[in-house]
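Got the viewer open and a selection box ready? Here is a stop-by-stop tour, with something to pick at each stop.

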Amino acid sequence: MALTIKNLSISIGKKEILLNESIGIADGSKVGLLGRNGVGKTTFLKAILGQIDYSGKIEYNGKAAYFSQHEDLNQNKTIREILKESVLIHHQNPFEQELHVIEQQLSDPIIHKNSSQLEKLTERYTELLIKMAQQQSPRPTNKIKSVLRLLEVPESWLDQTIGSLSTGQRAIVVLAQIFSSDASFLLLDEPTNHLDFKRLEIVEKYLCAFKGTVLMVTHDRYFLDRVCQTILKIENGKWIKYNGNYSAYVKSRDASFEAQKTAYEIENKYLANEKDKIARIGKSPLKVKQGKYREKLLEKREIIEKPDLDQSKFRTHFEASPINANVILELVDLCVGYEKPLLSHINFNVSPLQRIILIGENGMGKSTLFKTIEGRLLAISGKVILNSQAKIGYADQELKDLTNNATLYDEINSLLKDCAKTRQQLSMVGFSANEEVFKLISQLSMGEKSRLNLLKILIEKPNLLLLDEPTNHLDIDAREIIEKAFLNYDGAILAVSHDRYFIEKIAQRILKASAGTIKEIVMKK
């Protein structure tokens with residue numbers, strides 16, 4: 001087994017993430033880890049690596065590498081310098097402990113009087129030192145080069161600092177580190193977020209061909225279908241394991257739900273009939289005794305719980321401020337960038353009810369364009385013409401506009417200044433319970449932060465949404481709820497996205513950033 005877990009329990013504060021759960025994952029498996037935002041998927045991965053406390057037993061074979069959705073690269077180093085550094089490798093072995101024990105034994109003069117025992121200890125000590133050296137051996141340079149070619153990292157990137165890269169480019173650098181390591185067990189937390197279509201396909205193919213084991217959190221439905229052979233769902237403190245990819249999981253889950261629903265309905269009908277019979281039994285001593293006997297039989301019956309698909313229950317609606325115009329945004333020969341232009345000669349209009357998706361490779365300047373339209377960056381040249389009635393709502397992909405040391409309630413109430421409205425708005429994006437509402441934003445999962453960030457923007461009723469990767473971090477249920485809300489939104493949407501399901505549902509027009517400019521793609525009908 002690549003991973004063996006026995007009687008695992010994990011708690012964060014008063015919240016139980018997992019309770020006395022056991023599971024095994026075979027060598028070479030590709031497992032998708034699913035569950036609603038905040039259910040504990042990232043916490044579970046950290047438990048495997050020993051980064052948080054837990055009870056029970058976790059064992060894995062070989063060396064493990066971890067892709068975190070919170071990448072922590074030195075912003076001042078170049079890509080070339082970062083790639084020379086080996087990614088942190090985690091491993092479970094008794095080498096260091098056993099070496100320490102042997103060193104103590106070898107320091108004992110009595111051992112040196114027994115040549116046979118001394119020889120055995122020395123041989124074992126040498127063997128362990130060799131194994132330790134192998135685990136700490138540097139990566140061969142040619143492997144790094146082949147991974148860079150695989151991920152299509154151009155030579156021009158290598159001398160750029162990490163701080164100058166886009167979020168997607170930084171993700172590619174971390175993946176390059178992990179893929180060029182000799183780890184046989186990959187723990188990947190949202191590896192598909194921020195990646196362009198080209199890199200998504202490359203990573204899909206790489207993981208499918210990878211000989212080791214992969215356990216990953218992702219809500220990319222296409223990616224799950226193409227890479228995973230097993231789905232592991234965290235639900236109500238338990239694991240449910242499904243064989244097959246995401247589509248197979250959905251069919252199996254729905255079939256199980258329907259079977260449980262039928263059993264629940266039959267049982268309830270039976271109980272109602274029995275209780276009705278008991279109620280109509282006469283009041284003679286014999287009949288009363290018979291009634292009590294029937295009641296005891298009912299009490300002994302195994303309770304069938306009402307089935308639950310464990311889906312997000314919130315429903316939301318986005319309002320837009322009215323606008324009376326044919327064009328809400330016009331870009332005229334716009335050029336955006338920093339010291340050098342990233343995108344030039346940009347010319348397009350956005351109408352009040354249009355839904356436009358902008359695609360393109362990482363680092364092309366898509367986020368820079370949004371920051372320029374919103375006013376955070378000055379244009380190098382050209383014009384951004386906003387209608388006088390336009391109200392922009394901008395959602396950046398790094399969620400920098402949230403106040404981490406504030407509670408959810410504080411963040412929203414600072415805008416609404418009304419307790420009841422604040423609670424109502426928070427419930428619209430799935431935050432209803434007191435323990436959720438008064439939680440610090442810093443303690444939220446990235447998916448929960450994404451929902452809160454979207455709510456914060458939409459409270460102002462913007463009629464032009466600039467959304468930079470809006471489905472990143474959201475669980476699948478939340479994505480589908482948000483997608484439906486966008487379809488019923490009465491404003492304009494301009495979104496950067498590489499979520500293939502989202503694009504298929506939302507896009508009325510598709511623009512592509514390539515070759516230093518933006519062109520419209522003719523959509524297939």
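Start by selecting residues 246-279, which is helix α9: 34 residues, reaching 49 Å from its first C-alpha to its last, close to the 50 Å expected at 1.5 Å a residue. Keep in mind as you click around that this is a predicted model.

Which residues of α9 are buried? Show side chains for Y246, Y249, R253, F257, E267, E274 and I278 and you have them. Now colour what those buried residues pack against: β3 (30-34), α8 (221-227), β9 (230-235), β10 (238-243), α10 (285-300) and α16 (476-487). Before leaving, look at the N-terminal end of α9, where N245 acts as the cap. A side-chain oxygen of N245 sits 3.3 Å from the backbone nitrogen of S247.

**Zoom out**

Show everything as a cartoon. You should be able to pick out 17 helices and 19 strands, and the C-alpha trace spans about 95 × 80 × 45 Å along its principal axes. Of the 525 residues, 48% are buried. Switch on a surface and you get about 26,900 Å² exposed, with carbon and sulfur atoms supplying 50% of it.

If you like contact maps, take the contacts between residues at least 6 apart in sequence: 73% of them join residues at least 24 apart. For the electrostatically minded, there are 73 positive and 66 negative charges, and their mean positions lie 5 Å apart.

**Along to α16**

Next, select 476-487, one of the elements that the buried residues of α9 pack against. α16 has twelve residues and reaches 17 Å between its first and last C-alpha, close to the 16 Å expected at 1.5 Å a residue. Why is α16 largely enclosed by the rest of the structure? Because nine of its twelve residues are buried. Select I476, D477, A478, R479, I481, I482, E483, A485 and F486 to see the buried set. This helix has an N-terminal cap as well: a side-chain oxygen of D475 is 3.1 Å from the backbone nitrogen of D477.

**Two loop residues**

Centre on H194, in the loop between β7 (185-189) and α7 (197-209). Is H194 buried or exposed? H194 counts as buried, because its relative accessible area is 11%, below the 20% cut-off. To see what surrounds H194, leave out neighbours within four places in sequence and select T167, G168, N362, Q397, E469, N472 and H473, with which it is in contact.

Then go to S321, in the loop between α10 and β11 (329-337). S321 is buried too, at 16% relative accessible area. Draw a distance from the side chain of S321 to the backbone oxygen of K461 and you should read 2.6 Å. K461 is one of the residues S321 touches beyond four places in sequence, alongside K391, E460, P462 and N463.

**Two asparagines with positive phi**

Pull up a Ramachandran plot for this stop. Most residues other than glycine have a negative phi. N20 has a positive phi of about 55° although it is not a glycine, and N236 likewise has a positive phi of about 55°. Where do they sit? N20 is in strand β2 (residues 15-25), while N236 is in the loop between β9 and β10. N20 is partly exposed at 47% relative accessibility, whereas N236 counts as exposed at 61%.

**Two helix residues to finish**

Select K371 in helix α11 (residues 366-374). K371 is partly exposed, with a relative accessible area of 30%. Add D468 to the selection: it is 97 residues away along the chain, yet the two C-alpha atoms are 9.9 Å apart. Not counting residues up to four places away in sequence, K371 touches Y338, R376, L377 and Y394.

The last pick is L455 in helix α15 (residues 446-458), buried at 5% relative accessible area. Setting aside residues up to four places away in sequence, L455 touches I412, Q425, L426 and V429. For a final distance, go from L455 to E119: 336 residues separate them along the chain, and their C-alpha atoms are 69 Å apart.

Methods:
Residues are numbered from 1 along each chain as its sequence is written. This is a predicted model: local features need pLDDT of at least 70, side-chain atom pairs count only at pLDDT 80 or more; totals for chains, interfaces and linings use all residues. Side-chain values use heavy atoms; hydrogens and water are left out. Helices (H or I, at least four residues) and strands (E, at least two) are DSSP runs, numbered from the N terminus. The expected span of a helix is 1.5 Å times one less than its number of residues. Buried means under 20% relative accessible area, exposed over 50%, partly exposed in between (1.4 Å probe, protein chains only). Contact means heavy atoms within 4.5 Å. A polar contact is a pair of N or O atoms within 3.5 Å; within protein, one must be able to donate a hydrogen and the other to accept it, and residues adjacent in sequence count only if both atoms are side-chain atoms. Accessible areas come from the Shrake-Rupley method with a 1.4 Å probe; for residues, only the protein chains shown count as cover. Lys and Arg count as positive and Asp and Glu as negative; His and the chain ends are not counted. The place of a charge is taken as NZ of Lys, CZ of Arg, CG of Asp or CD of Glu.
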